[in-house]
Amino acid sequence: MLQYTWVINMESRKVPKATLQRYPVYLKALRRLKKYGNERIMSKDLSALTGIESTTIRRDFSLLGNLGKQGYGYDIDTLIEIFNEQLGVDFDEKIILVGAGNLGRALLKYNNWDHVVGEIAVAFDSNPDRQGTRFGVPVYPIDELEKEMPEGCRIAILAISDNVQQTVDRLIANGIRGIVDFTHKYIQVPDYVSVKVVDVVSSIQELVFETNAKDKKGE
Ligand SMILES: NC(=O)c1ccc[n+]([C@@H]2O[C@H](COP(=O)([O-])OP(=O)(O)OC[C@H]3O[C@@H](n4cnc5c(N)ncnc54)[C@H](O)[C@@H]3O)[C@@H](O)[C@H]2O)c1
């Protein structure tokens, strides 16, 4: 249902809040289409991909300008550019992975991140057996971090087992501002760096506590 909450978008046009909330859904579908070589899309096909009705799609897109052509559909590159701009975020983050072991390689294999948050551009590992190209991503020796880090790279995924704090310090000295931390080590970072800890063990422990508590209450 359309919510009549109006939001001013970046070009000072009024856009219903419900429409804005659909922008990331459109963007995700469009990026996926592009990845598979499509150049244009009809609203009915986008509807099938997103589950959003064609009439809603056409109305949402009409708020962005005169974008569609009868019988041709919408140009995918143009739409991606517009939605990137509207959302004001860069979905092409060049992410680095440090540690291409079991966990790191699983992340490399999955490396499309649902087409919305960029991708792992390069990886680093200290073990020569883990270096080379893995799932299309170059894995460099960690000694080459400074040389091979992509320009403007801000986010690192940490999946290493040794010298964790030392590696974190080095990443920060080279411009990293956000770390997805899979290690089970406590790491210290300055205030201007953010860390998101991913810890499956803690999640399982929390679930066990929650499930026990619910069992006690008889839920
Ligand atoms: N967060 C979780 O839920 C979770 C789950 C499993 C493992 N882990 C942790 O993730 C990390 C990786 O686990 P794994 O199973 O992939 O281990 P792994 O031994 O298979 O891989 C670690 C890789 O990192 C490399 N490495 C180690 N220290 C390095 C350094 N300082 N610089 C560059 N490369 C380095 C190693 O050569 C190896 O290739 C470990 O710290 C492990 O404890 C976390």
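## Exercises on a predicted model

Helix 5 supplies the largest share of the shell around the ligand, 3 residues. Keep in mind that this is a predicted model.

**Exercise 1.** Work out which residues and elements form the shell around the ligand.

*Solution.* Start with the residues: the ligand is surrounded by 26 of them, and the closest are G99, G101, L103, N127 and V200. Next, look for elements that give two or more residues to this shell; they are helix 5 (102-109), strand 6 (119-125) and helix 8 (200-217). Finally, sort the shell by class: 11 residues are nonpolar, 11 are polar and 4 are charged.

**Exercise 2.** Decide whether Y140 is buried, partly exposed or exposed, and find its contacts.

*Solution.* First place the residue: Y140 sits in strand 8 (residues 137-141). Now count neighbours: Y140 has 18 C-beta neighbours inside 10 Å, so it is partly exposed. A buried residue would need 20 or more. Leaving aside residues up to four places away in sequence, Y140 touches V122, F124, Q131 and E148. Take F124 as one of these: the C-alpha atoms of Y140 and F124 lie 4.7 Å apart, although 16 residues separate the two in sequence.

**Exercise 3.** Judge where the predictor is confident and where it is not.

*Solution.* Begin with the chain, whose mean pLDDT is 88, with 89% of residues at 70 or more. Then compare its elements: helix 7 (residues 164-173) has the highest mean pLDDT, 98, and strand 1 (residues 6-8) the lowest, 47. Over residues 1-10 the pLDDT is below 50, yet this stretch has 19 contacts in the model beyond near neighbours in sequence. For the complex, the predictor gives an ipTM of 0.97 and a pTM of 0.73.

Conventions. Residues numbered from 1 in each chain as written. Predicted model: local features only at pLDDT ≥ 70, side-chain atom pairs only at ≥ 80, totals over all residues. Helix = DSSP H or I, 4+ residues; strand = E, 2+ residues; numbered from the N terminus. Buried ≥ 20, exposed ≤ 12 C-beta atoms within 10 Å, placed from the backbone. Contact = placed C-beta atoms within 7 Å. Near = placed C-beta within 6 Å. Nonpolar A, V, L, I, M, F, W, Y, C, P; charged D, E, K, R; others polar. pLDDT = per-residue confidence, 0-100.
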